[in-house]
Amino acid sequence: MIEEITIIGGFDKQENPEPVKKVIIKKGEIFGVVGPTGSGKSSLIGDIEQLSQEDTFSKRKILVNGEEPSYEDRTNPRKKMVAQLSQNMNFLADMTVGDFLSLHAKCRGAHSKCVNAVIELANTLTGEPIKKEHDLTILSGGQSRALMVADVAIISNSPIVLIDELENAGIRKHDALKALAGHGKIVMVVTHDPVLALMTDKRIVMKNGGMQAIVGTNDKEKDLSKKLNKIDGLMLSLRDKVRNGEVIDNVDVKI
Amino acid sequence: MRMVIVAGTPGSGKTAVLIHALQSINEMGLKSAVVKIDCLYTDDDRKFAKIGVPTKVGLSMDMCPDHYAIYNLEEMIDWAGENQAELLVVETAGLCHRCAPFTVNSLGVCVIDATSGPNTPLKVGPFLSTADIAVITKGDMISQAEREIFRERILEVNPECKIIEANGLSGQGCAELADEFMKSQEVSLDQEKLRHSAPLAVCTLCVGETRVNKKHHRGILRRIDGFQSYEGE
């Protein structure tokens, strides 16, 4: 059982020690990772995915339940504690959706019945339906992303979930986050989106490759988050209308 | 002399990974030397020189670079000895998928690029299937699912190998590779054999000779010092 992970700070891009020396994330918590592009958000997520032991650029060290994970725990996909949705928008594997998911289910020791469930879930997140016999490489950015989300949610069912810029590719991000952030998991969300950032419990602020500060989401922000959600809902409904060729005649901006 | 032989497709990141690994070896206090085999051109020697590792380049020109590497192992070991090295790393050109230049007692390392697709491990043949260590590079360019499938495919081809996921840019995974280098054993070439016979060509290696010592070879043999001779009737 994973109760918590610890990130022990390393060095930023100029090789200065990171201002934040230690972060502990407990089971059931959702952490955001925010900062400008190039500030090292994806690298931080990458360090956690690999359970780095001072062997990456940042020299960070990741502990699980306060201890160094074993080599086996770090590498064997069947034992893997981390599921990661990276920023990739395309698949490179030259095979059909069905074959790919079956193979991945086999790697993770999951049941082959998962395959249909993954495709079903992916199709609730994206516009054009994905079929089992489609080639992975012809899927659009949004379809690929939706399939990656569903694959992480169902096949890579791991206690630690890392999500990098869920808002990309125009998929339904709230539904996607709900699918990914199962109960009692450790979740980290890299985002530029204030709506997603304020949904988290705390957020790590990145700058110049280093962790600068930890900001807790306060009560006022939680209230604001609800408002932002309504605005976001409005934007989503407008987006769907435009996508479906409808004409927009009125926008209700009173929230 | 301890010997590590590194094979892998062109552009897979062999040199980048080796530079990080040899830096770790330097820090651990073991003296290493590198021989880089290529066909027509390389500037990798300058990259190795930057980290202070003695480097020798062997260009095979129109000869198979793997055959060329095998014929010249004695010269390489002698040269590494002259440079006070305890560990010789031979980086091969990585051209065709038919040869595996690993000898029985050397440490065989295969570097393979994860972006080349999940069928690649099934295609590359003996340099993966006879390797001790498979180093997967560029894993950060693909999804986690594709990475996991790639790993599984490597194990289908070579269930015994140790897999190291490495990043040639950040150096992640390369310290683990260096630890494996440290475990490599002394190789004496006199009775040393290849793990896998080389394919058809025009010399004794082409017809299945696996003994590496020069006395066993006939045909057109090109030496690392530039001299070429015909041995035989």
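The following exercises, each with a worked solution, concern a predicted model of chains A and B.

Residues are numbered from 1 along each chain as its sequence is written, and chains are lettered from A in the order in which they are written. In this predicted model local features need pLDDT of at least 70, side-chain atom pairs count only at pLDDT 80 or more, and totals for chains, interfaces and linings use all residues, while side-chain values use heavy atoms, with hydrogens and water left out.

**Exercise 1. Describe the contact between chain A and chain B by its residues and its buried area.**

Step 1. Contact means heavy atoms within 4.5 Å. On this basis chain A contributes 32 residues and chain B contributes 26 residues.

Step 2. Buried area is the accessible area (1.4 Å probe) that two parts lose on being put together, summed over both. Between chain A and chain B it amounts to about 2,300 Å², and carbon and sulfur atoms give 50% of that. On the side of chain A, 22% of the area buried against chain B comes from A:Asp55, A:Tyr71 and A:Leu92, more than from any other three residues.

Step 3. A polar contact is a pair of N or O atoms within 3.5 Å; within protein, one must be able to donate a hydrogen and the other to accept it, and residues adjacent in sequence count only if both atoms are side-chain atoms. Chains A and B have 12 residue pairs in polar contact, both residues being at pLDDT 80 or more.

Step 4. Helices (H or I, at least four residues) and strands (E, at least two) are DSSP runs, numbered from the N terminus. Helix 2 (71-75), strand 5 (82-85), helix 3 (97-107) and helix 5 (141-154) of chain A each give two or more residues to the side that touches chain B. Helix 3 of chain A provides the largest share, 5 residues.

**Exercise 2. Locate the salt bridge between A:Glu49 and B:Arg147 and state whether its partners are buried or exposed.**

Step 1. A salt bridge is a side-chain nitrogen of Lys or Arg within 4 Å of a carboxyl oxygen of Asp or Glu. The count between chain A and chain B is 2 salt bridges.

Step 2. In the pair of A:Glu49 and B:Arg147, the closest N and O atoms are 3.1 Å apart. The pair crosses between chains, from helix 1 of chain A to helix 7 (residues 144-157) of chain B.

Step 3. Buried means under 20% relative accessible area, exposed over 50%, and partly exposed in between (1.4 Å probe, protein chains only). A:Glu49 is buried because its relative accessibility is 7%, and B:Arg147 is likewise buried at 8%.

**Exercise 3. Compare the settings of two salt bridges within single chains, A:Glu4 with A:Lys26 and B:Lys162 with B:Glu180.**

Step 1. A:Glu4 and A:Lys26 have their closest N and O atoms 3.2 Å apart. This pair joins strand 1 (residues 4-8) to strand 2 (residues 22-26) of chain A, across 22 residues of sequence. A:Lys26 is partly exposed, since its relative accessible area is 42%.

Step 2. The side chains of B:Lys162 and B:Glu180 meet at 3.2 Å, N to O. Here strand 7 (residues 162-165) of chain B is linked to helix 8 (residues 174-182) of chain B, the residues being 18 apart. B:Lys162 is partly exposed at 26%, whereas B:Glu180 is buried at 11%.

**Exercise 4. Work out the surroundings of B:Arg222.**

Step 1. B:Arg222 lies in strand 8 (residues 219-222) of chain B. With a relative accessibility of 17%, B:Arg222 counts as buried.

Step 2. A polar atom of the B:Arg222 side chain lies 2.7 Å from the backbone oxygen of B:Ser60. The side chain of B:Arg222 also makes a polar contact of 2.9 Å with the side chain of B:Gln228.

Step 3. Leaving aside neighbours within four places in sequence, the contacts of B:Arg222 include B:Met61, B:Asp62, B:Tyr68 and B:Phe227.

**Exercise 5. Place A:Leu51 and A:Glu165 in their loops and give their phi values.**

Step 1. A:Leu51 belongs to the loop between helix 1 (41-49) and strand 4 (61-64) of chain A. Phi of A:Leu51 is near 45°, a positive value in a residue other than glycine. A:Leu51 is buried, at 2% relative accessibility.

Step 2. A:Glu165 belongs to the loop between strand 6 (160-164) and helix 6 (173-180) of chain A. Phi of A:Glu165 is near 50°, again positive in a residue other than glycine. A:Glu165 is buried, with a relative accessible area of 9%.
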